[in-house]
Amino acid sequence: MNDFAFHAPETLDEALGLLAQHGADAKVMAGGTSLTTLLKQSLIAPGHIVSLHRVRECAAIEASDGVIRIGGLATQRDVELSPVVKERAPLLAEAYRRVATVRIRNVATVGGGVAQADPAMDPPPSLLILGASVVAKSARGERVIPIGEVYADYYETTLEPDEIVTELRVPAQPSGAAWTYIKYLPRTEDDYATVSVAAIGRAEGGSVADVRVALGAVAPTAIRASVVEDALVGQPATSDALREASQAVSEIVDPTDDPRGSAWYKRDMSVVFTRRALEQVLGLA
Ligand SMILES: Cc1cc2nc3c(=O)[nH]c(=O)nc-3n(C[C@H](O)[C@H](O)[C@H](O)COP(=O)(O)OP(=O)(O)OC[C@H]3O[C@@H](n4cnc5c(N)ncnc54)[C@H](O)[C@@H]3O)c2cc1C
């Protein structure tokens with residue numbers, strides 16, 4: 001690990017000032033659950049660490065006008081347990097509940113998770129189908145970015161080095177729709193997913209009225225399966241239709257071989273778990 005200067009500002013403005021001053025030579029540290037590993041393995045070698053552990057802003061979770069506002073410094077455990085999130089977006093509470101262990105979730109933050117951009121993380125598929133946006137602040141101003149435009153590639157985002165994620169804005173789940181988050185874990189319960197699928201759906205009069213599906217861990221970023229959604233909306237909600245529509249995900253996933261499974265296995269499991277998620281949310285399980 002290289003030597004670095006450690007800064008512990010007490011306000012967001014001070015933190016933004018430090019990032020403006022040191023630019024790409026500085027790295028923000030929130031919970032430190034991923035950053036410490038990157039530093040220890042010398043995968044990154046910043047000259048300055050700007051720790052947010054003394055900053056008391058940006059940790060609230062509130063709702064107004066049908067939108068949940070989750071502070072970027074809220075912990076993942078805060079989201080999992082938040083009555084506001086449980087009531088308005090139970091899918092999101094469940095996605096955060098599935099992250100690693102309670103010890104990790106007690107420390108890991110929402111903003112750190114967004115910026116780390118590991119495609120196997122649990123929250124991204126749910127954030128995609130809920131239509132979440134990220135608020136990123138810098139000394140230059142503020143941007144609101146749709147979550148799908150934040151994830152760029154494996155561990156890469158479109159955030160600038162001087163930006164801090166201060167908020168996630170998540171529209172409430174549609175009322176009357178069923179939801180599920182399936183995390184397929186052939187190894188231990190606290191592992192990253194081999195394949196994950198988040199889905200929301202509603203059938204009306206035997207037809208698919210609304211369906212949203214996204215997958216994690218099977219491409220450089222979490223991906224929304226619009227091809228499946230487009231094939232199903234307005235069609236009869238039958239087992240055969242769901243089975244046929246699910247096949248289309250094998251064309252949009254791009255998995256890699258790793259200790260959690262081979263690429264061909266993950267491709268096959270993407271189809272299987274998409275179908276199971278659809279069956280659950282469309283009442284055919
Ligand atoms: C053992 C282990 C198991 C895990 N298992 C899972 C799992 O099953 N599912 C899952 O989803 N995740 C898992 N994770 C990942 C975990 O969710 C991330 O480590 C965590 O989200 C990062 O948050 P943090 O606050 O600790 O960020 P940090 O480690 O402090 O930072 C991570 C990155 O984000 C940047 N950053 C931090 N905060 C901000 C901010 N507010 N604005 C801009 N950039 C910022 C940092 O500069 C760094 O690049 C696991 C992690 C560990 C260590």
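In this predicted model, five strands line up as an open sheet, running E4-E5-E10-E6-E7, with antiparallel pairing. At the edges sit strand E4 (61–64) and strand E7 (141–146), each of which pairs on one side only. On average, neighbouring strands of this sheet are turned by 20 degrees against each other, direction ignored. Zooming in on one of the pairings, strand E5 (residues 67–71) runs antiparallel to E10 over 5 bridges. Val67 has Pro171 of E10 as its bridge partner.

E10 also turns up at the ligand. Strand E10 (164–171), strand E2 (26–29) and helix H7 (110–116) each give at least two residues to the shell around the ligand. H7 makes the largest contribution, with 5 residues. The ligand has 26 residues around it, and those that come nearest are Gly31, Gly111, Gly112, Gly113 and Met121. As for chemical character, the shell splits into 14 nonpolar residues, 10 polar ones and 2 charged ones.

Then there is the domain picture. The domain assignment cuts the protein into domain 1 (5–51), domain 2 (61–171) and domain 3 (181–281). Both domain 1 and domain 2 put at least three residues each into the shell around the ligand. Between domain 1 and domain 3, the centres, taken over C-alpha atoms, are 36 Å apart.

How values were computed:
Residues numbered from 1 in each chain as written. Predicted model: local features only at pLDDT ≥ 70, side-chain atom pairs only at ≥ 80, totals over all residues. Near = placed C-beta within 6 Å. Helix = DSSP H or I, 4+ residues; strand = E, 2+ residues; numbered from the N terminus. Nonpolar A, V, L, I, M, F, W, Y, C, P; charged D, E, K, R; others polar. Domains from an automatic or database assignment. Pairing = 2+ DSSP bridges. Axes fitted to C-alpha atoms, helices over the stretch in contact; angles between N-to-C directions.
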